[in-house]
Amino acid sequence: ACTHARTHARMRTHPPTHPPTQARARARTHTHTHSAEDSGGSLAASDGSIASLADSTITRCFAGHGGGVYVEQSKIVMRGMLFSQNAALVNKGGAALAHDNSEMNVTSTTVTDNVATRGGGFMVQFSSVLRLAGDVRIMKCVASSGGGGWGGAAYSLFDSTIDISGPFLVDDNMAWHFGGAFISYYSRRFVASGEGIFSNNAVGLGNPDRGYGGVLAWYGVGGTVEMYGVKMSNNIALIRGGALDFVDPGLVVFATGLILDNNHALGLGDAMERGGGALFLGDGASIFLYRSILRNNSGNQGGGLIV
């Protein structure tokens, strides 16, 4: 089944009925125990491909990057998927990697127990977009140490966007350095809306000198974060920003109906700036916070906020 899915994706090179910029792949498969030396342990799509996966399982797949799926300069739609126990052995995207002006649209999907050093679940980079909409669950994914440890659930890099809309659950993910669930680095936009819960995510536990942003860490110059009606609870950062860590001179954050409950910044390590049980805002970043609730958060400084 895994070979079948990969063969259809490779039709992009010499498609019999579509030009290279419109090659298409569609699959309903059960995929397991497969590997690729470079990218896309189960499926790789590039050169303007349009891929669609539905009602499929991708499990125990391995690759250098994009343990399960790799997309480059292409689009993929995935619905009703299960990604479990996949790994990017070199670096990026334990479950899936979208690279170089790609789009990845995911609905009604569970992503669990995937591992990479950057983006334990997903990674999007170089002007790519990840859309997660409707009954998406990302759980127990890990961004491990060894040259990374960024973004347990997902990592957005260089002018990319993550847009997650509810209902969704992002729970029990972990990163070694930055962003227990998500990190955006020199990226364009992060949006979270609807009936969404970020809970029990952790960053830096067991690491003596790192641990920023239990749910989301944002670093770079510019960009926007938008959060509407979502809840962040029981998240932990070893050093700073129990839920949110925003350090970016041009970042603008808009939040309405945000609930920050029982998040903790332990304030350990030797960093000069520590604390912010719910939120750390620094280096010129701006936030507009409306009709939101902060309760039961703790930090060695600024139990709720440090601005």
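Which residue in S19 stands opposite Leu132? Keep that in mind as you look around; the model on your screen is a predicted one.

**The whole chain.** Start with everything selected. The protein has 307 residues, and 55% of them count as buried. Colour by secondary structure and you will find 36 strands and one helix. Now think about contacts between residues with a separation of 6 or more: 83% of these link residues 24 or more positions apart. Switch on the surface if you like; the accessible area is about 11600 Å², with 52% of it belonging to carbon and sulfur atoms.

**Strands S15 and S19.** Next, select residues 129-133, which form strand S15, together with residues 161-165, which form strand S19. These two strands run parallel and are joined by five bridges. Show Leu132 and you can settle the opening question: its opposite residue in S19 is Ile164.

**On to S23.** Keep S19 in view and add residues 189-199, strand S23. S19 and S23 also run parallel, with five bridges between them. To see one pairing, pick Thr161, whose bridge partner in S23 is Arg189.

**Gly241.** For the last stop, go to the loop between strand S27 (236-237) and strand S28 (244-247), where Gly241 sits. Is Gly241 buried or exposed? Its relative accessible area is 0%, so Gly241 is buried. Select its contacts beyond the neighbours within four places in sequence: Gly213, Gly214, Ala265, Gly275, Gly276 and Phe280. Finally, draw a distance between the C-alpha atoms of Gly241 and Gly214: they are 27 residues apart along the chain, and the separation is 6.6 Å.

Technical notes. Residues are numbered from 1 along each chain as its sequence is written. This is a predicted model: local features need pLDDT of at least 70, side-chain atom pairs count only at pLDDT 80 or more; totals for chains, interfaces and linings use all residues. Side-chain values use heavy atoms; hydrogens and water are left out. Helices (H or I, at least four residues) and strands (E, at least two) are DSSP runs, numbered from the N terminus. Buried means under 20% relative accessible area, exposed over 50%, partly exposed in between (1.4 Å probe, protein chains only). Contact means heavy atoms within 4.5 Å. Accessible areas come from the Shrake-Rupley method with a 1.4 Å probe; for residues, only the protein chains shown count as cover. Two strands pair if DSSP finds at least two bridges between them.
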